[in-house]
Amino acid sequence: MPLMPLMPSGRAEAATPATAGVRTTAEVARTAADGTSEPYAFAEDATTVEGTADTTDAVRLEPGRTYKSSVGVAGKAGRLYYRLELDAVSNAYVAATAVPRPGATVSYSDGLKVSLQDGNGRDCSFSGTVHFGATQSPHPITAWASRETSGEQYVCQTAGTYYVVVERTGAAGTTGGTTGSAGSAPSSSRGWDLEISHVSEPGLKNAPGSTSAPEVWKSASPDALVGAPEHRSGGAGFSGAVALGQGVWKDGISPGQTRFYKVPVDWGQQFYATADLGSSSAGEGHLGTALVMSLYNPVRGFVDDVGSGYDGSQRSAALDPLPPVAYENRYALNDHVSGMRFAGSYYLVVHLAAQVADSFGEGPFGLTLRVRVTGEAQAGPAYAGRATPRDAFTVPAGGSDGATDDGAAGTGHVGSGDAGRSGTMKLVAAGGIGTGSLLMLTLGMWTVVARRRAPRTLGPAPQDADTASASLPASAPAPASASAPWEHGATRGS
């Protein structure tokens, strides 16, 4: 069912840390403690750069780095260029998060478009476009684009210089926004801040086994998680996203606020999430779309989103069942399949429309998240190198705060690097007990022998000895373990 809109009621190449005008996670936390609202917390290590109006002087973006920039009004003045230097085998992903400045208003069609182009102006992939959509509430929105090399359908396959194009969409020079408070400015007349990330995915050692996306997967939603929720305060940006594991979590969210969370999802696992907005005893009225929950993958690429109206009674919104994380998902044309292409941290971003305050007060309102990750983690693809940053497609050791139905989460499976690395780690862990017992027995024998011999002086081991590379005694292998986006979302088309 379509969601209803709200009813009225650095030019320099030198990398320098962002300073002036940048709000870090720590500063946002202090602001929140003072009882005021901040729209977004930029990464503390973000580098400030200036986009250019043409490609000639475009600033280079390095993989693994995060940048702070800004974009002007819609139209030609709202189009910026940045430069990439790419090899012929790696996949490049660039995501831009636009943050309207305090006091701005936005319209249904205002949005952001990100493209990645070659030297002849050809798009390397579908351009990512995202709109504020039905909430018509100013909040961080993220679009992405890519240069991919693992399929015959892609262009831009050679090494060389490429360009990231970031542009605002909407009617330039018109107000086009919702009615705001006194002194607020229309979206088309004020600049937006930008946070830009660049992630590099290595190519495969061998040609991919399949270049077709799966068409069938377990699409039935599991039973909802129940139980007393545990409190987690969401972050104010991607870099400050708060880790969640499987379970029921509660938070508070105020009108106009956006909360960021991250959930580890490994290869072969499925992700489910539901957001519940609590009831209110104050106010009356009805908002067609008040709450929006969006899902982004480890490179901040849009996957899916869902929205819910609000009339003061409790409301619930759940993401549609998504396919298991798999490399071949990238060959799909729709975001909710194509986006599930990596292992790593997936971001849940929840926004409550600013207009909720007009009918139901300033809040905060109760927010409950029900997160489930199912399926046994599998070995990742045979990458020929490492991602940049190195942990981009890695599930943290120990997981986050919970385990999957079968205990797969939290086992430290690695989503990038050599094929079978996860399986290798399983064998090492399983063989650890036998290895440790053998080492203890050996040490005991040394002690007995030493007592029967005359004392000998042993020289110290070199301080730079590579003890990590020492061979371990062989042990028996362990037995195998048992067991369409709406207007807010990015469209895969220009």
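Helices, here runs of H or I of at least four residues, and strands, runs of E of at least two, are taken from DSSP and numbered from the N terminus, and every stop on this tour through a predicted model uses those names.

**The whole chain**

Begin with the full cartoon, coloured by secondary structure, in which the protein shows four helices and 20 strands. If you then switch to a surface, the exposed area comes to about 22,600 Å², with carbon and sulfur atoms supplying 53% of it. Of the 494 residues, 49% count as buried.

**β8 and its partners**

Select β8, residues 160–169, and display it as sticks inside the surface. Eight of its 10 residues are buried, so β8 is largely enclosed by the rest of the structure.

Now add β3, residues 79–86, which is likewise mostly covered, with six of its eight residues buried. The two strands, β3 and β8, pair in the antiparallel sense over eight bridges. To follow the register, label Tyr82, whose bridge partner in β8 is Val164, and then Tyr81, which stands opposite Val165 in β8. As you look along these strands, it may help to recall that side chains in a regular strand alternate between the two faces of the sheet.

Next bring in β5, residues 111–117. This strand also pairs with β8 in the antiparallel sense, here over seven bridges, and the residue to label is Lys113, whose bridge partner in β8 is Glu167.

**The disulfide**

How many disulfides does a search of the whole structure find? The search returns one, and selecting Cys124 and Cys156 brings up this bond, with the two sulfur atoms 2.1 Å apart. The pair links distant parts of the chain, 32 residues apart: Cys124 belongs to the loop between β5 and β6 (128–131), while Cys156 belongs to the loop between β7 (141–147) and β8.

Set a torsion label about the S-S bond: the value is about -90°, so the disulfide is left-handed. Are its two cysteines buried or exposed? With buried meaning under 20% relative accessible area, Cys124 counts as buried because its relative accessibility is 3%, and Cys156 counts as buried because its value is 5%.

**Two open sheets of five strands**

Hide the region just visited and select β10, β12, β19, β14 and β17, which in that order make up an open sheet with mixed pairing. At its edges stand β10 (230–231) and β17 (315–318), each having a single partner strand, so that one side of each is left without a neighbour in the sheet. Within this sheet, isolate β12 (residues 247–253) and β19 (residues 365–374), which run antiparallel and are joined by seven bridges; Lys250 has Thr368 of β19 as its bridge partner.

Turn next to the open sheet with the order β11-β13-β18-β15-β16, which is again built of five strands with mixed pairing. Its edge strands are β11 (242–243) and β16 (302–310), each of which pairs on one side only. Here the pair to isolate is β15 (residues 287–296) with β18, antiparallel and joined by six bridges, and within it Val292 has His351 of β18 as its bridge partner.

**Tyr383, in a loop**

From the end of β19, follow the chain onward into the loop that leads to α4 (421–452), where Tyr383 has its place. Although Tyr383 lies in a loop, its relative accessible area is 0%, and it is therefore buried. Add Leu204 to the selection: the two residues are 179 residues apart along the chain, yet their C-alpha atoms are separated by 4.4 Å.

**The second largest pocket**

For the last stop, display the second largest pocket, whose volume is about 550 Å³. Of the 22 residues that line this pocket, those closest to its centre are Pro298, Arg300, Tyr347, Pro389 and Asp391, a convenient selection on which to centre the view.

Which strands each supply at least two residues of the lining? They are β9 (192–201) and β18 (344–352), of which β9 gives the most to the lining, with three residues. Colouring the lining by class separates nine nonpolar, seven polar and six charged residues. With β18 still shown, you can trace the strand from this lining back to its antiparallel pairing with β15.

Methods. Residues numbered from 1 in each chain as written. Predicted model: local features only at pLDDT ≥ 70, side-chain atom pairs only at ≥ 80, totals over all residues. Heavy atoms only, no water. 1 Å grid on protein atoms, 1.4 Å probe; cavity = no way out; pocket = protein on both sides within 12 Å on 5 of 7 lines; lining within 4 Å. Points joined across faces, edges and corners; volume = space filled by probe spheres on them. Nonpolar A, V, L, I, M, F, W, Y, C, P; charged D, E, K, R; others polar. Disulfide = S-S within 2.5 Å. Buried < 20%, exposed > 50% of the residue type's maximum accessible area, 1.4 Å probe, protein only. Areas by Shrake-Rupley, 256 points an atom, 1.4 Å probe, with all protein chains shown as cover. Pairing = 2+ DSSP bridges.
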